[in-house]
Amino acid sequence: MGGGRGSEHPRTDRPRPRRSSRPGSKRDGWTKHRISAQAASRRECVMSTADIGVLAGAVALIAFLAWYFLGPKKSRQAELRGGVQEIEITVKGGYSPDLIRVRPGVPVRLVFDRKEGGDCTSRVVFPDFALAASLPAFGKTAVEFVPEAAGRFGFACGMNMVHGTLLVEPGGEAGESAANVDAKADAARTSGAPQSSAERDDAEEAARRAEIADLSRRVAFGAVLSLPVVAAVMLHEVFGVDVPGVLLNHWFQFALITAVMFYTGWPIHRTGWLSLRHRAAEMNALITLGTSAAYGYSLLVTVAPGLLPAGVREVYYEAVGVILTLILLGRLFEAKAKAGTGQAIRELLGLQPKTARVVRDGTEVEVPVEQVVTGDIVMVRPGEKVPVDGVIVDGRSTLDESLVTGESLPVTKTVGDEVVGATVNQTGAFRLQATKVGADSVLAQIIKLVQQAQASRAPIQRIADLVASYFVPAVVAIAIASFTVWFIAGPEPALALGLVAAVAVLIIACPCALGLATPLSIMVGTGKGAQAGILIRSAEALETAHRLNVIVLDKTGTITQGLPALTDVIPAEGFRPVEVLRLVASAEHSSEHPLGQAVVRGAAERGIALAEVADFDSLTGRGITATVDGGQLLVGKAALLEEEGIDPSPLRPDADRLAGEGKTPIFAAVDRRLLGIVAVADTVKEDSAAAIAELKRLGLQIVMITGDNQRTADAIAAQVGIDRVLAEVLPEHKANEIRHLQDGGRRVGMVGDGINDAPALAQADVGFAIGTGTDVAIEAADITLISGALGGVVTAVTLSRSTMRNIRQNLFLAFVYNTAGIPLAAGVLYPVTGWLLSPIIAAAAMALSSLSVVSNANRLRRFTPPTLAVRPRPPHAAPQPMEVRT
């Protein structure tokens, strides 16, 4: 340990010792030889009374600490008020009470009264309930939820250092009726006027800026006052340079470092002593114990040196100053680095426009977006953001939806189309009718899902949490044991060596690195997913996705567009393609059949004007008949034409070829002459083939599941490169197929969009819902792909692998650092090398360990979704131009 060993003035009867005579000095060749001889002498001696007393005291103290930190604690029962279980929790260096008993099925309101500043307790996270809340400094915040099942559920601060437990126990007071409980649960969820996400984010950002400013002042103060003491001690003791005697004077050092101890170190000591009082030791407690021991020992040497033997009258003021300054410097860097981990949420919040132009009483008025209500007519001009979700009622435009869906290509919208709030209007002006506002909007739901995912806990985090729960008591026990071993078996000065080892152990241990290893990566990973249009419901889903080895894709709406489209027009001899399409589309215009509507849309896309229709008739299961331009048309199956004596055989080869490509051929005849064939199909999405190829490259097996016939399924699978097809599977049997794959030892991801996919999505290890699908499917899934493109699955799997790799790196850094650092600080290498770790070096290492974990987590911010080599659509899949064969 570094330290100023100077006295008030050099004495004439004894030369002033240089640092080379101190254990741990860099100039220790003579010291090592002398200590080895003394150590050999001590080992030959029998334990003294003092040794026995110290050993007994250490054993008793370790036993007491084990009970104090790990023994049973008192719990508090929440009080039932108006159907809600309510309790107030004081946040001041810990949670008081930190063990709370409630009943299941009854709403709970936890009122957190935070009586401190700083970043550590600025958030509270309930991972089992996927719930998190910001706790403003010196204010009260209510957190409300309904625990459905009995059990022990932990909650912690945002840095995962301060912990509490919610004990949900059945029984207690007489319960109320289920109806009353449900009604009051709804009231608890909606009561009050909580801050908006933007307001909470602004408050957190302001608190973070204030903390950074405060830390900057304290670090500067500590550095200025510690520098003279540290420089003097290092120059004199390490390099043998003569320095002014006043700089080595104990009282001078005491005056400077006392200010550092109680101003620079105040945030650490305050939290550390409070956490000890709450029987919940954490990193601040370790630093507080270490620096208080060094400062107290130095103070005793300064005030009453005669109470100690002459050989151990060393002071350690410079170590106290440097340790506290370095720790706060590391915390300052950490606070700045952590500000980036929540960037995704802040960017999402920043998408929301502040105002909207609403048409009221025939006049456009600009109002805050919070005042827009469902049913309002909102005007959106070119270049503006869409303020709320709605349906276009007048006008058309092109919108950039990339900030919400992750898709870069603009989308054309017209009357009847839905638009999403926060997207950017590019070209035209339009009016929309508001359908979803406030918390019901798509953007609000995205932010809510991201916040829930960030509040959840990945299974891998439970390992770190388990270790962290025993970490601090174990470190304190190791520090006590280190002091005891050095005092009993170490060389002279045994007391000083024991103090050096104990303080170094307390300082170097870093539970903070363990606590931050997983949550920070999860926060960054889920945020990056949201920016790419991937909504991850929980940290567990994010972790599980990296272990998938089979991806099952529903065909309709997932691989394909889910909407039939015109693909081919093949005229019979004597007719032109445009004429065939005009006549068939005119006849189908009166039909409600999806295939007929696909033909009508195809004609409209190609600018073909339709003719007047008369005598329309639908022949169930066979086709239609109609009179168009005076001609009698038959449109439908080949059998319909055969019934009327018309031979379809000239076009049979084309029909068979089209059917082999997964298309549906529709025959047509006019005035008893074969007119031609039009074909429709559910076309493959543009990126499906590229996404499937990339998933294969990632080592995943791809399976397509569909209720369609085997021939159509095989045709679609061949287009996108899928080898295994499960065809003609009834909706209720899809979940069984997933279970069958899982029974073979595989981890299965399911991608679907319909109500009939919901059971399979729930059965899969990870369910991916297409964002353009049904609400039921999205609710049953673990991950939602907002854009509806299969490329989102590639992004989700890649992001999961990157996040888990980042978490493992963080845990490696934290575990290896503590596993190696603590024994070194205890002095295990001293018998071999004569080297004892200085607490100053321990403090620097501890600060760097937390900073390394935070910095590594921030590397995830550089994640970019993989770029897919999307091939151009094959001609038969393009809506325009159509494929024409003659």
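Strands β12 (residues 355-360) and β13 pair in the antiparallel sense, joined by six bridges. Within this pairing, Val 359 has Glu 364 in β13 as its bridge partner. The two strands form a hairpin in which two residues lie between them. One residue of the turn, Asp 361, adopts a positive phi of about 55°. These descriptions refer to a predicted model.

The hairpin belongs to an open sheet of six strands, arranged in the order β13-β12-β14-β20-β15-β18 with antiparallel pairing. The edges are occupied by β13 (363-368) and β18 (418-419); each has a single partner strand, so one side of each is left without a neighbour in the sheet. Elsewhere in the order, strand β15 (residues 389-395) pairs with strand β20 (residues 430-436), again in the antiparallel sense and over six bridges. In that pairing Gly 395 stands opposite Phe 430 of β20.

**Salt bridges**

The model contains 25 salt bridges. Three of them are set out below, with the distance between the nitrogen and oxygen atoms.

| Salt bridge | N to O distance |
|---|---|
| Arg 81 and Glu 86 | 3.3 Å |
| Glu 86 and Arg 109 | 2.9 Å |
| Arg 217 and Asp 214 | 3.4 Å |

Glu 86 takes part in a salt bridge with Arg 81 and in another with Arg 109. Glu 86 lies in strand β3 (residues 84-91) and Arg 109 in strand β6 (residues 108-114), so their contact ties together parts of the chain that are 23 residues apart in sequence. Both Glu 86 and Arg 109 are buried. For Glu 86 the relative accessibility is 18%, and the residue counts as buried because the limit for that class is under 20%. Arg 81, by contrast, is partly exposed, with a relative accessible area of 44%. The contact between Arg 81 and Glu 86 therefore links a partly exposed residue to a buried one.

The salt bridge between Arg 217 and Asp 214 is placed within a single helix. Both residues belong to helix α4 (residues 197-238) and are three residues apart, about one turn of the helix. In an α-helix there are 3.6 residues a turn, so residues three or four places apart point the same way. Both partners are partly exposed: Arg 217 has a relative accessible area of 48%, and the value for Asp 214 is 22%. Separately, salt bridges with shared partners join Glu 79, Arg 81, Glu 86, Arg 109 and Glu 144 into one network.

**Helices and surface**

Helix α13 (residues 494-508) consists of 15 residues. From its first C-alpha to its last the helix reaches 21 Å, close to the 21 Å expected at 1.5 Å a residue. Of its 15 residues, 14 are buried, so α13 is largely enclosed by the rest of the structure.

At the surface, Met 47, Ile 52, Leu 55 and Val 59 form a nonpolar patch. Together these four residues contribute about 350 Å² of accessible area. Ile 52 is located in helix α2 (residues 49-70). With a relative accessibility of 49%, Ile 52 counts as partly exposed, because the exposed class begins only over 50%.

Note on methods:
Residues are numbered from 1 along each chain as its sequence is written. This is a predicted model: local features need pLDDT of at least 70, side-chain atom pairs count only at pLDDT 80 or more; totals for chains, interfaces and linings use all residues. Side-chain values use heavy atoms; hydrogens and water are left out. Patches are made of residues with over 30% relative accessible area and no salt bridge: like charges are joined within 9 Å, nonpolar side chains (Val, Leu, Ile, Met, Phe, Trp, Tyr) within 5 Å. Accessible areas come from the Shrake-Rupley method with a 1.4 Å probe; for residues, only the protein chains shown count as cover. A salt bridge is a side-chain nitrogen of Lys or Arg within 4 Å of a carboxyl oxygen of Asp or Glu. Helices (H or I, at least four residues) and strands (E, at least two) are DSSP runs, numbered from the N terminus. Buried means under 20% relative accessible area, exposed over 50%, partly exposed in between (1.4 Å probe, protein chains only). The expected span of a helix is 1.5 Å times one less than its number of residues. Two strands pair if DSSP finds at least two bridges between them.
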